[in-house]
Amino acid sequence: QQAQSSSRSTGKWRKKLLVVFVVGGDQFNVSMNHVHALAILVSTFHHGKQPSAIDQKTFEDYTERTAFERPLTSGVAYALRVRHSEREHIEKQYGWTIKKMDIDDQTLAQECNPENFSTSPVQDEYAPVIFSQKTVSHIVSIDMMSGKEDRENILRARASGKGVLTSPFKLLKSNHLGVVLTFAVYNTNLPPDAMPDERINATVGYLGASYDVPSLVEKLLHQLASKQTIIVNVYDTTSEVSPIKMYGPDDVADTGLPHISHLDFGDPTRKHEMRCRFKQKP
Ligand code: WA2
């Protein structure tokens, strides 16, 4: 009986999981490529032109109008690399002070607005957000190097020249679990084999996109006809001994073996998998 019902469900599974997996993977790839292209856009039209052809308004309009190119993202932003010696000049130019991400979780969810963040203490360098898509305007002026996950991503992105992904962490404002994808922006067109030190020296900023995991999975499931029959869990399995649940219910009633699909988010140092089960009829 058990074997029969599980083999009967295999056909259904194949179709539905193929939809979730292929659509999800495709959309992530498409959006990742577009985030990469945005990094090149900033390099060409902000750093490559005197005076710059991009300001907040231009960035906001362009990223809103091209949002369809980044289907699963909740927003994109550009953080500028600022050395301490340049801090005063940049703060005057943009009319704010560089803030640090030091707010507690509760205040964060309700009152996420740059005024509630304290002025950054002295650091060797900073990465304040200078341009943002409207959906993430709350991170403008915040030093992205002052948050653990964002900082690690920035350091890895600029040394590698690749798109890199954070571990799952609670995003500002939405307070949902999410991940951030970062590409470094360089002041020259570096060859693919450039050394890490050469890359770090040529770094002028960081283009990042945030992915809000619960809304990401919701968007995908809405593309399926009978979403109520599938339970989806997504895990960060980078650490085999302690996988991190990124999405889905805790209470795993006995519903038989899940179907496991490996998810490829393009950063080989991070591992993810999706486990799907049919919801048991009451
Ligand atoms: N973007 C949106 N919400 C966030 C967040 C973030 N980082 N960090 C915490 N909540 C500008 O990698 C550079 C975006 C960071 C990019």
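Student: Which atoms of L172 and the ligand should I look at here, and what is the distance between them?

Tutor: Happy to start there! A polar contact is a pair of N or O atoms within 3.5 Å. In this predicted model, a backbone N or O atom of L172 sits 2.9 Å from a nitrogen atom of the ligand. Two side chains take part as well. D150 places a polar side-chain atom 2.6 Å from a ligand nitrogen atom, and T182 has a polar side-chain atom 2.8 Å from an oxygen atom of the ligand.

Student: How much of the ligand's accessible area does the protein cover?

Tutor: On its own the ligand has 400 Å² of accessible area, and the protein covers 98% of that.

Student: Which elements give two or more residues to the shell around the ligand?

Tutor: Those are β7 (177-186) and β8 (203-212). Of the elements, β8 gives the most, with three residues. The residues surrounding the ligand include A77, I139, M144, F169 and Y206. By class, the shell holds eight nonpolar residues, three polar ones and one charged one.

Student: Let's move to the sheet. What is the order of the strands in the four-stranded open sheet?

Tutor: First the general idea: strands of a sheet pair through backbone hydrogen bonds, and the pairing can be parallel or antiparallel. Here the order is β10-β9-β12-β11, with antiparallel pairing.

Student: Why is one side of β10 and of β11 left without a neighbour in the sheet?

Tutor: β10 (244-247) and β11 (259-263) are at the edges, and each has a single partner strand, so one side of each has no neighbour in the sheet. From one strand to the next, the twist averages 30 degrees.

Student: How many bridges join β11 to β12?

Tutor: Five bridges link β11 with the antiparallel strand β12 (residues 272-278). To follow the register on screen, find I260, which stands opposite R275 in β12.

Student: Which helix lies across β9 and β10?

Tutor: That is α7 (residues 213-221), which lies across β9 (230-236) and β10 and runs at about 55 degrees to β10.

Student: Now the backbone. Which two residues does a cis peptide bond join?

Tutor: Look at omega: it is about 0 degrees for the bond between Q50 and P51, which is cis. You will find P51 in the loop between α1 (2-47) and α2 (56-65).

Student: And what is the phi of S141?

Tutor: S141 has a positive phi of about 80 degrees, although this residue is not a glycine. To locate S141, go to the loop between β4 (129-132) and α5 (148-160).

Note on methods
Residues numbered from 1 in each chain as written. Predicted model: local features only at pLDDT ≥ 70, side-chain atom pairs only at ≥ 80, totals over all residues. Heavy atoms only, no water. Pairing = 2+ DSSP bridges. Axes fitted to C-alpha atoms, helices over the stretch in contact; angles between N-to-C directions. Contact = heavy atoms within 4.5 Å. Near = heavy atom within 4 Å. Polar contact = N/O pair within 3.5 Å; in protein donor to acceptor, adjacent residues only side chain to side chain. Areas by Shrake-Rupley, 256 points an atom, 1.4 Å probe, with all protein chains shown as cover. Nonpolar A, V, L, I, M, F, W, Y, C, P; charged D, E, K, R; others polar.
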